[in-house]
Amino acid sequence: QSNCGLTLLIEDGTNQAVALDSVTQMRGPFRKTGLFNFSSDQRTRLTLFTRNFALAPGDVLVVQIGSVEVPVENIVFSMPEANDTGYIVVRLIDQVPTGFVTVNVIRNGTASNTASLEIIQ
């Protein structure tokens with residue numbers, strides 16, 4: 001359960017965060033899979049899906065992967081047609097460890113539930 005209302009979505013029966021880090025594009029007979037890094041810095045972006053997510057002016061939002069705070073680049077929240085789900089896009093940095101790590105979102109010092117991710121280099 002989340003202490004701040006905001007909850008990371010997890011897969012049924014697991015503690016794995018529902019996240020997106022790659023995109024497969026299809027055109028004709030050709031298939032292309034690429035990391036979600038649509039920027040000039042070529043850093044991988046990770047999209048974390050949430051529930052009960054809203055921010056007020058002055059709120060502070062932090063995303064931690066393991067013990068590392070990662071930069072938040074985009075926030076979309078309060079999609080009522082999907083039960084108030086939203087998403088947070090973060091940029092992975094060199095300090096993020098590989099392997100299975102925990103991830104949570106901290107709003108104004110209060111943490112969401114903790115989920116797990118596998119970071120593969």
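In the predicted model, Ile65 is in contact with Leu46, Val70, Leu92, Val96, Pro97, Val101, Thr102 and Val103, residues up to four places away in sequence being left out of this list. Ile65 also belongs to the largest nonpolar core, a set of 21 residues in which Val63, Ile65 and Val103 touch the most other members. Two or more residues of this core are supplied by each of the elements β5, β6 (61-65), β7 (68-70), β9, β10 and β12. In soluble globular proteins, nonpolar side chains tend to be buried together.

Among the elements contributing to the core, strand β5 spans residues 45-51, and 5 of its 7 residues are buried; β5 is therefore largely enclosed by the rest of the structure. Strand β5 pairs with strand β9 (residues 85-91) in the antiparallel sense through 7 bridges, and within this pairing Thr50 lies opposite Gly86 of β9. Strand β5 is also joined to strand β1 (residues 7-8), again in antiparallel orientation, by 2 bridges. In that pairing, Thr7 faces Arg51 of β5.

A further antiparallel pairing involves strands β10 (residues 99-107) and β12, which are connected by 5 bridges. Here Phe100 is positioned opposite Glu118 of β12. Strand β12 comprises residues 115-119, of which 4 of the 5 are buried, so β12 is likewise largely enclosed by the rest of the structure. Both β10 and β12 are among the elements that give two or more residues to the largest nonpolar core, and Val103, which lies within the range of β10, is one of the residues touched by Ile65.

Notes: Residues numbered from 1 in each chain as written. Predicted model: local features only at pLDDT ≥ 70, side-chain atom pairs only at ≥ 80, totals over all residues. Heavy atoms only, no water. Buried < 20%, exposed > 50% of the residue type's maximum accessible area, 1.4 Å probe, protein only. Pairing = 2+ DSSP bridges. Core = buried A, V, L, I, M, F, W, Y, C linked by side-chain atoms within 4.5 Å. Contact = heavy atoms within 4.5 Å.
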